[in-house]
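This report describes the surroundings of a bound ligand and the pocket that holds it. Please consult the sequence and the structure alongside the text.

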Amino acid sequence: MKIAVYPGSFDPITNGHLDIIERGAKVFDELIVAVLVNVEKKGLFNVDERVKLIEKVTKNYKNVKVESFNGLLIDFMKEKNANVILKGLRAVSDFEYEFQMALMNNKLDPEVETVFMMTNAQYSYLSSSAVKQVAKFGGCIKELVPDEIIPDVIKKIKGE
Ligand code: ADP
């Protein structure tokens with residue numbers, strides 16, 4: 001059974017992330033979306049809230065699970081019996097960082113493969129931080145994040 005882990009901050013999940021999840025779920029037997037707990041970086045949503053938002057938009061995918069992790073991704077992978085890291089690649093700007101991470105993870109555990117999926121052209125400009133910027137200044141975030149979570153994002157940005 002091929003279990004892949006798709007790690008990230010997902011603060012919040014965007015349509016770009018969801019596209020990678022949908023495509024990844026077709027390629028692997030099981031896909032674990034893993035929300036990274038980063039103690040140094042306070043996000044807009046806390047980790048439990050991010051997990052809940054992802055669960056909300058992936059509930060119809062039977063082979064997708066959502067979890068959070070802290071520490072080394074490689075240790076989380078071992079715990080889950082997973083040996084593929086799934087990553088999305090947007091542009092050249094993602095490449096250098098992802099290249100370094102992939103090599104580092106492979107050095108830490110040579111059994112682990114990182115698989116990259118090219119962004120859908122439609123979402124190549126999309127990032128969680130761009131969504132937060134747009135929402136902060138009252139711009140429309142439809143088509144940037146899944147419809148079901150638009151009210152959650154707006155409410156959070158307004159500090160309600
Ligand atoms: P961001 O905060 O920049 O949106 P994350 O850390 O949440 O990024 O991203 C997790 C993973 O999803 C990374 O592999 C990232 O390259 C990928 N990703 C993020 N946005 C997109 C997108 N629009 N298209 C494809 N992959 C994406």
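An oxygen atom of the ligand lies 3.1 Å from a polar backbone atom of Ser128. This and two further pairs are polar contacts, a polar contact being a pair of N or O atoms within 3.5 Å; within protein, one atom must be able to donate a hydrogen and the other to accept it, and residues adjacent in sequence count only if both atoms are side-chain atoms.

| Residue | Atom of the residue | Atom of the ligand | Distance |
|---|---|---|---|
| Tyr6 | polar side-chain atom | oxygen | 2.7 Å |
| Tyr123 | polar backbone atom | nitrogen | 2.9 Å |
| Ser128 | polar backbone atom | oxygen | 3.1 Å |

On its own, the ligand has 550 Å² of accessible area, of which the protein covers 88%; such areas come from the Shrake-Rupley method with a 1.4 Å probe, and for residues only the protein chains shown count as cover.

The model is predicted: local features need pLDDT of at least 70 and side-chain atom pairs count only at pLDDT 80 or more, whereas totals for chains, interfaces and linings use all residues. Residues are numbered from 1 along each chain as its sequence is written, and side-chain values use heavy atoms, with hydrogens and water left out.

Around the ligand there are 18 residues, of which Tyr6, Phe10, Gly88, Thr119 and Tyr123 come nearest; a residue is near a molecule or strand if one of its heavy atoms lies within 4 Å of it. At least two residues of this shell come from each of strand 1 (3-8), helix 1 (15-27), strand 4 (84-89) and helix 4 (92-108). Helices (H or I, at least four residues) and strands (E, at least two) are DSSP runs, numbered from the N terminus.

The ligand sits in the largest pocket, meaning that more than half of its atoms lie within 2 Å of the pocket's grid points. A pocket, on a 1 Å grid over the protein atoms alone, is an open set of points where a 1.4 Å probe fits, with protein on both sides within 12 Å along at least five of seven lines; lining residues have an atom within 4 Å of a point. Helix 4 gives the largest share of the lining, nine residues.

Two features concern the loop between strand 1 and helix 1, where Phe10 and Pro12 lie. Phe10 has a positive phi, near 50°, and the peptide bond from Asp11 to Pro12 is cis, with omega near 0°.
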